[in-house]
Amino acid sequence: MARVASNPLSLPRFRPYFQVSDTALVFKSPSLSPYRTRKFQSIACQTNPLPTQTQPSDEGKVLAEPDSVDDSTSEATNSFVGGEFSEFPNKNINRRIAIGSTLAAVGLFMSSRLDFGVSLKDLSAAAVPYEEALSNGKPTVVEFYADWCEVCRELAPDIYKIEQQYRDRVNFVMLNVDNTKWEQELDEFGVEGIPHFAFLDKDGNEEGNVVGRLPRKYLQENVDALARGEASVPHARVVGQYSSAESRKVHQVVDPRSHV
């Protein structure tokens, strides 16, 4: 009886082979001698032919079990043997990355607001009135400025940072050169360009001045000297790029009630 060879890819098939039967079949023919016989081959089927008739076999092919197929597919998805693909991050890692990126963006935004969001109006609103500064026994920094002064606006963030550091020991005064109230102070301090920073000791005596756009360290070192009560400032007379105070004539306003 024939045995069925299972093929995973197609229908079962039979592999025929020829085998000579040990028993001779006798066929009598009128034309043949009664003493002669003829042997016929009988056909049989089996899955494994004789060694001399062996054909390519499927024995070396191993079918993976369903579970192993799923596991191998998962491993191939997560990583590649050659190292070309890395493991996909899970949802928790994605969530952490998103939160970290959001916090970094908020921090950058806040720092930029602190550095570039400070205006001359903010500084003048927080400034100490000039008369009060001359009478409270603290050293004073007087800044002569104007709203139209480009250099004044550029230095506003630096002035703000220095003020936050020393405001408990030093007065910071803002005088707007467009206000005709300060004509006498402009002449007294010899203001020709703005911004003009005058550094006064606790008795109101001027120890030095800095004019125009200069590195932040010039202002900070002078303010630090005032805060420590030193007799002089390290930068007594330094001039950088400034706006001419003569431009104030076309911007003058009369507001004697304002200290700025």
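The structure holds one cavity of 30 Å³ or more. A cavity here is a set of points on a 1 Å grid over the protein atoms alone where a 1.4 Å probe fits but cannot get out. This is a predicted model, in which local features need pLDDT of at least 70, side-chain atom pairs count only at pLDDT 80 or more, and totals for chains, interfaces and linings use all residues. Residues are numbered from 1 along each chain as its sequence is written, and side-chain values use heavy atoms, without hydrogens and water.

The largest cavity has a volume of about 100 Å³, taken as the space filled by probe spheres set on the points. Of its 15 lining residues, Val141, Glu143, Ile159, Phe172 and Phe197 are the closest to its centre. Lining residues have an atom within 4 Å of a point. β3, α5, β4, β6 and α7 each supply at least two of them. Helices (H or I, at least four residues) and strands (E, at least two) are DSSP runs.

Two of these elements, α5 and α7, also pack together. Their axes are 10 Å apart, at an angle of about 20°. The helices are therefore roughly parallel, a label for angles under 35 degrees. Their crossing is right-handed. Contact (heavy atoms within 4.5 Å) involves Ile159 and Tyr166 of α5 and Leu219 and Val223 of α7, among others.

The table sorts both sets of residues by class.

| Set | Nonpolar | Polar | Charged |
|---|---|---|---|
| Contact of α5 with α7 | six residues | two residues | four residues |
| Lining of the largest cavity | 13 residues | no residues | two residues |

Elsewhere, the peptide bond from Ile194 to Pro195 is cis, with omega near 0°. Pro195 is in the loop between β5 and β6.

Notes: Axes fitted to C-alpha atoms, helices over the stretch in contact; angles between N-to-C directions. Parallel < 35°, antiparallel > 145°, perpendicular 65-115°, else oblique. Left-handed = near helix turned anticlockwise from the far one by under 90°. Nonpolar A, V, L, I, M, F, W, Y, C, P; charged D, E, K, R; others polar. 1 Å grid on protein atoms, 1.4 Å probe; cavity = no way out; pocket = protein on both sides within 12 Å on 5 of 7 lines; lining within 4 Å.
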